[in-house]
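Hi everyone, thanks for making the time this morning. I'd like to walk you through a structure, so please have a look at the screen.

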Amino acid sequence: MVQGTMSNAGKSLVTAGLCRVFYQDGKKVAPYKSQNMALNSFITKDGKEMGRAQVVQAEAANVEPDVLMNPILLKPTSNSGSQIVLMGEPYAVKTAMDYYAMKNSLRPYVVDSFNKLSAQNDVIVIEGAGSPAEINIKKDDFVNMGMAKIAKAPVLLVADIDRGGVFASIYGTLMLLDEDERAMVKGVIINKFRGDVEILKPGLKMIEEKTGVPVVGVLPMLDVDIEDEDSLSERISGHKDVKLIDIAVVKLPRMSNYTDFNVFELIPGVSLRYVSSTREMGNPDMVILPGTKNTIGDLKWLRQSGLEAAILKKASNGTCIFGICGGYQILGKKLSDPLGVEEGGDIPGLGLLDAETVFIEKKRTIQMEGRFGKVGGIFSALSNRPLFGYEIHSGVTNVKPENALTKIKPIHEEGEEMLEGAQTITERMNVYGTYVHGIFDCEGVATTIVEALLQQKGLQLEDVKTINFADYKQQQYDLLAESVRKNLDMKKIYEILEAGV
């Protein structure tokens with residue numbers, strides 16, 4: 001089991017790296033995280049919803065993502081409440097206090113899912129959450145040390161040296177554990193180190209002497225491009241230089257599945273920026289409205305922040321606007337919530353698409369495939385191009401057939417082809433929307449979009465190449481595994497694995 005001294009210490013990346021190493025060594029390996037809190041999710045072949053961090057780890061292990069790998073997913077809907085997704089299905093919406101009061105009733109699902117996954121694999125690499133030393137919520141824990149006890153798993157503790165105070169965080173974490181829990185920690189990994197490891201060695205020796213736990217390696221600040229787990233990601237923070245083609249993603253307060261846009265960062269001459277104010281917006285070539293866990297609330301935020309007016313102005317001036325999932329709903333004429341799925345009532349959308357959305361209680365979670373239809377405007381070259389992806393949404397959106405963007409059908413179950421998405425094309429307006437997450441990852445889609453934006457500016461296309469995103473990700477997992485082998489004592493880790501607790 002991989003635990004951390006704090007959130008964002010690098011547990012997810014270390015787990016993915018170990019999964020890749022074990023896979024390369026011929027083991028049948030799978031990741032596991034009993035409870036994940038994130039707005040980035042994925043839909044499995046059987047239509048179940050799970051956290052993307054475990055999907056990334058499954059890809060690293062070269063296995064099909066399965067909801068057994070993440071039985072509980074918490075998707076924040078406000079500062080104090082989350083939707084509980086249990087075994088891939090929406091279960092309830094609870095405040096933090098209510099969830100902790102009832103969470104022990106979910107323990108059987110955690111035990112059962114782990115046991116089933118364990119029976120199917122040689123090795124399970126379990127990821128913890130936050131810190132195991134959060135003494136205020138240790139009661140009924142099944143995420144950190146509670147999970148380690150369920151699985152009888154030896155623990156590797158990951159500490160982030162980049163934030164400073166690494167030795168204090170290691171020592172403090174271990175001292176706050178109960179004696180039997182401390183005995184389960186068999187190794188420490190120091191993560192995100194910059195510089196010469198020789199300078200660190202005296203400190204490593206001292207922390208080993210003080211804690212009795214060996215340091216099994218020091219991982220450098222890794223230069224690998226692997227999807228991040230949540231909003232702590234550096235991808236969506238900070239300012240980026242504007243390049244030849246500038247794409248601005250509106251950073252909605254409850255933004256979800258921002259990994260939809262990572263592929264654009266791989267194209268030479270393209271900047272992908274996340275903006276949350278009119279000042280940051282600048283003059284992009286394309287504006288993307290991403291998915292959101294609270295569409296109506298984020299639509300209200302757009303109005304209050306002034307970004308709605310900015311987007312409408314840019315659309316009228318010819319800037320391409322593209323909405324995905326909740327962003328697609330926001331671009332329509334009206335959103336209705338008669339059952340109070342989100343905030344209740346009706347609210348006008350931005351009115352850039354001739355579409356109306358009604359929220360229903362049943363969430364649509366399904367993998368899709370198909371083609372773009374007859375696409376108009378700047379992105380006409382997308383017409384008839386194959387696509388695949390998945391849907392996660394509670395709304396039903398009605399559009400006119402002549403305005404549809406795609407033609408799709410379910411991949412793993414029976415279903416007829418259906419028209420989906422919408423577009424508004426005029427002499428000065430190019431607005432598109434779809435429910436399909438992952439649509440930009442399809443081969444050639446992102447580069448076709450960038451080529452069109454370059455042509456609009458009268459620029460050359462020679463720097464734009466078609467990207468096989470799936471192959472690229474596999475290359476990054478191999479680079480991650482290479483760094484893990486180089487910087488961690490894998491012989492010692494195998495000994496820890498074989499010895500157990």
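Let's begin with strand 10, residues 155-160, and strand 11, residues 185-193: in this predicted model the two pair in the parallel sense, over 6 bridges. If you want one pair to click on, Val158 stands opposite Ile189 in strand 11.

Now zoom out a little. Strands 10 and 11 belong to an open sheet of 4 strands, in the order 1-10-11-12, with parallel pairing. Which strands sit at its edges? They are strand 1 (2-4) and strand 12 (215-220), and each of them pairs on one side only. From one strand to the next, the twist averages 25 degrees. Helix 6 packs on this sheet, where it touches strand 10 and strand 11, and its direction makes about 145 degrees with that of strand 10.

Stay with helix 6 for a moment. Helix 6 (residues 166-176) also packs with helix 8 (residues 197-211), at an angle of about 10 degrees and with the axes 11 Å apart. Angles under 35 degrees count as roughly parallel, so that is what we call helix 6 relative to helix 8. Who meets whom here? From helix 6 we have Phe167, Ile170, Tyr171 and Leu174, and they meet Leu200, Gly203, Leu204, Ile207, Lys210 and Thr211 of helix 8. Sorted by class, that contact has 7 nonpolar, 2 polar and 1 charged residues.

Next, the other sheet on my list. This open sheet has 4 strands too, in the order 3-6-7-8, and its pairing is mixed. Strand 3 (35-37) and strand 8 (89-95) each have a single partner strand, so one side of each is left without a neighbour in the sheet. Ignoring direction, neighbouring strands are turned against each other by 25 degrees on average. Strand 3 runs parallel to strand 6 (residues 72-76), and 3 bridges join them. There you can find Met37 opposite Leu74 in strand 6.

Last stop, the nonpolar cores. The largest has 70 residues, and the members touching the most others are Val250, Phe264, Met286, Leu302, Ile311, Phe379 and Phe440. Which helix gives the largest share of this core? That is helix 13 (residues 445-456), with 7 residues. Take Leu302 as an example: beyond its neighbours within four places in sequence, Leu302 is in contact with Val250, Leu252, Leu289, Leu307, Glu308, Ile311, Ile330 and Leu350. Apart from the largest core lies another, of 50 residues, including Ile124, Ala151, Val155 and Val188.

That's my tour, thanks for listening!

Technical notes:
Residues numbered from 1 in each chain as written. Predicted model: local features only at pLDDT ≥ 70, side-chain atom pairs only at ≥ 80, totals over all residues. Heavy atoms only, no water. Core = buried A, V, L, I, M, F, W, Y, C linked by side-chain atoms within 4.5 Å. Buried < 20%, exposed > 50% of the residue type's maximum accessible area, 1.4 Å probe, protein only. Contact = heavy atoms within 4.5 Å. Axes fitted to C-alpha atoms, helices over the stretch in contact; angles between N-to-C directions. Parallel < 35°, antiparallel > 145°, perpendicular 65-115°, else oblique. Nonpolar A, V, L, I, M, F, W, Y, C, P; charged D, E, K, R; others polar. Pairing = 2+ DSSP bridges.
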